[in-house]
Amino acid sequence: MNLQHHYVDFDDVRLHYVDAGDGPLMLFVHGFPEFWHAWQAQLEAFSRDHHAVALDLRGHNLSGKPAEVKAYRPKHLVADLRRLIDHLGGRPAIVVAHDWGGAAAWNLAAAHPEYLEKLVIINSPHPVTFARELRDSPAQQQASAYMNWLRRPGAAVKLLANDCARLAAMLSQSTTDPHWLTPELLARYREAWTQPGAMDASLNFYRASPLHPPTPEEPGPAALQLDPAAFAVRVPTLVIWGERDTALLPGLLDGLEALVPKLTVRRIPDGSHWVIHERSEEVSKLIREFIDN
């Protein structure tokens, strides 16, 4: 696989992405605390017959890092994906997304379905079910409590301390199979985490979102009125879910079919939040079956 690195400048941000292969566009969108490299196995698997592209989301690794928290609101993340798809001439694209990348992709699919041929979401909650569970489920509130810690000033300094020890521990303690956390991979991740300004910028995703457990200062989702119709996703959608995700509980899938009429769900019982690494071949196989069907 011959990966090429590229930059594209939009009016408010520069995005870095890598690509390989030719054919229909497949765009891979990572979450926190990752970067384009999270999709290495899928880039290899799908660049054989697709134009496989993985970006660094704004605030991460080599992409631009706007200073203001409001620059990380969902509308800007959606705009980045739209503009990148247009730049690549790949509309409608297959979009594959995990974690925060999934948050952007859910919103893209709801607001701009013409940009997507198919959507693949991996362990990333639909905004309507996430708001519901954060509001109504004590278990999900507890599982998401870390989000409020990440929103605090000074969180980035603590995450970067001692050669990013907390971040490395966060990964190793929440995976069901740590074989993927090789010293070589962690070195790549540390390089991305320690890009100037990247850690604080990536935490702005949490600060800019109203979807976090309620606190005495901020009601979070209790103050939101999300219209399910406005967040309906009408493109064919595959959701892959590692059921041992300690941060995002399986209850987030309840009622999803009402919001996503063309829905396929594939559960991986022994997969965690990091299922794309733990079960990379299985994940690629499920994606392949879905896009070829």
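Which residue follows α2, and what is the sign of its phi? In this predicted model, α2 is followed by glycine 89, and the phi of that glycine is positive, near 65°.

The helix leading up to that glycine is a good place to start. Helix α2 runs over residues 74-88, and its 15 residues reach 21 Å from the first C-alpha to the last, close to the 21 Å expected at 1.5 Å a residue. Tucked away in α2 are Leu77, Val78, Asp80, Leu81, Leu84, Ile85 and Leu88, which are buried. They cover an arc of only 155° around the axis, so these residues sit on the same side of α2. A bit of helix geometry helps here: an α-helix has 3.6 residues a turn, so residues three or four places apart point the same way.

Helix α12 (residues 280-292) can be read in a similar spirit. At 1.5 Å a residue, its 13 residues should span 18 Å, and the end C-alpha atoms are indeed 18 Å apart, which agrees. Its buried residues are Val283, Ser284, Leu286, Ile287, Phe290 and Ile291. Seen down the axis of α12, they fall within an arc of 160°, so they line one face of the helix. Flip to the other side of α12, and Glu281, Lys285 and Asp292 turn out to be exposed.

Then there is a pair of helices that meet. The axes of α7 (residues 155-174) and α8 (residues 183-193) come within 11 Å and cross at roughly 120°, so the two helices are oblique to each other. Their crossing is right-handed. On the α7 side, the contact is made by Leu160, Asp163, Cys164, Leu167, Ala168 and Leu171, while α8 brings in Leu186, Arg190 and Trp193.

Notes
Residues numbered from 1 in each chain as written. Predicted model: local features only at pLDDT ≥ 70, side-chain atom pairs only at ≥ 80, totals over all residues. Heavy atoms only, no water. Helix = DSSP H or I, 4+ residues; strand = E, 2+ residues; numbered from the N terminus. Expected span 1.5 Å × (residues − 1). Buried < 20%, exposed > 50% of the residue type's maximum accessible area, 1.4 Å probe, protein only. Arc of directions from axis to C-beta. Axes fitted to C-alpha atoms, helices over the stretch in contact; angles between N-to-C directions. Parallel < 35°, antiparallel > 145°, perpendicular 65-115°, else oblique. Left-handed = near helix turned anticlockwise from the far one by under 90°. Contact = heavy atoms within 4.5 Å.
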